[in-house]
Amino acid sequence: MKRTSSLAIRTASAALTALLALSATACGGSGAPKPRSGGPVWAEGQGATEAVGFMRVQTPAGAAEMKGAVQHGFQDTTYLLSFAASTGDAEAFVADLRPEEALRANIPRDSTTYTTITPWSHLGLPEPETQQKVRTASVCPPCIKDERRSAVQSITIFVQDIGDGRARVYLKAF
């Protein structure tokens, strides 16, 4: 019995040593974990074209003020796309995304106390959650079996009435 216990202890000890060596190698060789960066980073030189390509959307022919960005995070890459179009074109565009529910009124949050992540400011746009006359919906392309967007897990949609029969569409996808 003593011999078996001794063998088990040596085997466990060797396994632990190998695990520690592997861990040190994965952490840069020093045994200490590598420090993480400060958070998500914006991809330089990537914008509306990359967002349109990822989401596989076709913006209305009359779309103006097109803006986009790509942000690489720890787990997901987020794509932002915004444009202004006629209200009819914006509605048709949103319908093609096949949201689970109809657009619903968004209750604006106070922009002076709104402390969540503010990605739209990167594009020089106000956060849609803080604006008046905004409706929102979401879509899960895999959930509705939208094969056109099989690589997209989720799209959050905001549509803001900007007056004169025009609307600003905001899309955030990953």
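**Group meeting: a walk through the model, starting at Thr136**

Leaving out neighbours within four places in sequence, Thr136 is in contact with Ala102, Leu103, Arg104, Asn106, Ile157 and Phe158. That's where I'd like to start today, and before I go on: this is a predicted model, so please hear everything with that in mind.

Okay, Thr136. You'll find this residue in strand β5, which covers residues 134–139. Is Thr136 buried or exposed? With a relative accessible area of 10%, Thr136 falls under the 20% cut-off, so we call it buried. And the side chain has a polar partner in there: it reaches the backbone oxygen of Ile157 at 2.9 Å.

Let me zoom out for a second. The chain has three helices and seven strands, and if you read from the N terminus, the order is α-β-α-β-β-α-β-β-β-β. There are 174 residues, and buried ones make up 33% of them. On the outside, the chain exposes about 10,700 Å², with carbon and sulfur atoms supplying 54% of that. One more global number: take the contacts between residues at least 6 apart in sequence, and 59% of those join residues at least 24 apart.

Now back to Ile157, since Thr136 already took us there. Setting aside neighbours within four places, Ile157 is in contact with Val94, Leu97, Pro99, Leu103, Arg135, Thr136, Ala137, Val139, Tyr170 and Leu171. Ile157 also belongs to the largest nonpolar core, which has 26 residues. Which members touch the most others? Those are Met55, Leu81, Phe93, Ile155, Ile157 and Leu171. As for where the core comes from, α2, β3, α3 (that's 87–97), β5, β6 and β7 each supply at least two residues. There's a second, separate core too, with eight residues, including Ala69, Leu125, Val134 and Tyr170.

So, on to the strands. Have a look at β7, residues 166–173. Six of its eight residues are buried, so β7 is largely enclosed by the rest of the structure. Who are its partners? Strand β3, residues 77–86, runs antiparallel to β7, and eight bridges join the two. If you want one to click on, Ser86 has Arg166 in β7 as its bridge partner. Then there's strand β6, residues 155–163, which pairs with β7 in the antiparallel sense, again over eight bridges. Val159 is bridged to Val169 in β7, for example. β6 and β7 form a hairpin with two residues between them, and Asp164 in that turn has a positive phi of about 55 degrees.

While we're on phi angles: most residues other than glycine have a negative phi. That makes a couple of other spots worth pointing out. Glu65 has a phi near 55 degrees, positive, and it isn't a glycine. Glu65 sits in strand β2, residues 64–72. Lys133 isn't a glycine either, and its phi is positive at about 60 degrees. Lys133 lies in the loop between β4 and β5, and with a relative accessibility of 62% it is over the 50% mark, so Lys133 counts as exposed.

Last topic, the aromatics. How many aromatic pairs are there? The count comes to three, and I'll show you two of them. In one, the ring centres of Phe54 and Tyr79 are 4.0 Å apart and the planes sit at 10 degrees; that's under 30 degrees, so the pair is stacked. Phe54 lies in helix α2, residues 48–55, and Tyr79 in strand β3, so this pair ties together parts that are 25 residues apart in sequence. Phe54 and Tyr79 are both buried.

The other pair is Trp120 with Tyr170, and this one is edge-to-face, 4.9 Å from centre to centre with 85 degrees between the planes. Trp120 lies in the loop between β4 (104–105) and β5, while Tyr170 is in strand β7, so here the parts being tied together are 50 residues apart in sequence. What about burial? Trp120 has a relative accessible area of 2%, so it's buried, and Tyr170 is buried as well, with 1%. You've met Tyr170 twice already: it is in contact with Ile157, and it is in the second core.

That's my tour. Happy to rotate things on screen if anyone wants another look.

How values were computed. Residues numbered from 1 in each chain as written. Predicted model: local features only at pLDDT ≥ 70, side-chain atom pairs only at ≥ 80, totals over all residues. Heavy atoms only, no water. Helix = DSSP H or I, 4+ residues; strand = E, 2+ residues; numbered from the N terminus. Buried < 20%, exposed > 50% of the residue type's maximum accessible area, 1.4 Å probe, protein only. Polar contact = N/O pair within 3.5 Å; in protein donor to acceptor, adjacent residues only side chain to side chain. Contact = heavy atoms within 4.5 Å. Pairing = 2+ DSSP bridges. Phe/Tyr/Trp six-rings, centres within 6.5 Å; stacked < 30°, edge-to-face > 60°. Areas by Shrake-Rupley, 256 points an atom, 1.4 Å probe, with all protein chains shown as cover. Core = buried A, V, L, I, M, F, W, Y, C linked by side-chain atoms within 4.5 Å.
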